[in-house]
Amino acid sequence: MARCEQGYLCDVCGDEVESISNSDLYLRFVTGEIAAGDLLAAPERHLLCNPFNAQFIESEQVPKVYAEGDFDRRQLDSDYVQQQSQLLTRGWHRLQELAALEAPLPLAEYPLPEFRKQG
Ligand SMILES: [Zn+2]
């Protein structure tokens, strides 16, 4: 059965990741964790399928989750937690913005300003 119309499948649960607003991969891209050139090679996941990042998003629209064990944000250094929360919450808002655009931006303009490549 041909499934070429599908988007990328989540590496964790196997379901389709339908929008970048719900994409862990793009969250990592807009926050500078992965480069544009690595996007195709990196696994796609739903935001909530990767609690390590999702636990830092502070929004009423995102369910509260915690990573397991040592990576639970409640176990981590508070400076680090604060820094990650600010960054990933901003990144999450950026994804919602991008998902709502009528005309897509070039990929190079997706990331938060400080992570855009110059030139
Ligand atoms: Zn998933």
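**View 1. The order of the helices along the chain.** Reading along the sequence of this predicted model, you meet the pattern α-α-α. The chain holds 3 helices and 0 strands. Two of the helices to look for are H1, at residues 24-30, and H3, at residues 78-100.

**View 2. The overall size of the chain.** Try tracing the C-alpha atoms from end to end: along its principal axes, the trace spans about 45 × 40 × 25 Å. For 119 residues, a compact globule would have a radius of gyration near 14 Å, and the chain has 15 Å, so the two agree.

**View 3. Burial and contacts across the sequence.** Of the 119 residues, 24% count as buried. Now consider the contacts between residues with a separation of 6 or more: 56% of them join residues 24 or more positions apart.

**View 4. The largest nonpolar core.** In soluble globular proteins, nonpolar side chains tend to be buried together. Here, the largest nonpolar core has 15 residues. Tyr 26, Leu 27, Val 30, Leu 88 and Leu 95 have the most contacts inside this core. Helices H1 and H3 each supply at least two of the core residues. Which helix gives the largest share of this core? That is H1, with 5 residues.

**View 5. A close look at Leu 27.** Leu 27 is one of the core residues with the most contacts inside the core. Leaving aside residues up to four places away in sequence, which residues does Leu 27 touch? You can find Leu 47, Asn 53, Leu 88, Gly 91, Trp 92 and Leu 95. Leu 88 and Leu 95 should look familiar, as they were named with Leu 27 in the view of the core.

How values were computed: Residues are numbered from 1 along each chain as its sequence is written. This is a predicted model: local features need pLDDT of at least 70, side-chain atom pairs count only at pLDDT 80 or more; totals for chains, interfaces and linings use all residues. Helices (H or I, at least four residues) and strands (E, at least two) are DSSP runs, numbered from the N terminus. The radius of gyration is taken over C-alpha atoms; the globule rule is 2.2 Å times the number of residues to the power 0.38. A residue is buried if 20 or more other C-beta atoms lie within 10 Å of its own, exposed if 12 or fewer, and partly exposed in between; C-beta atoms are placed from the backbone. Two residues are in contact if their C-beta atoms, placed from the backbone, lie within 7 Å. A nonpolar core is a set of buried Ala, Val, Leu, Ile, Met, Phe, Trp, Tyr and Cys residues joined through C-beta atoms within 7 Å.
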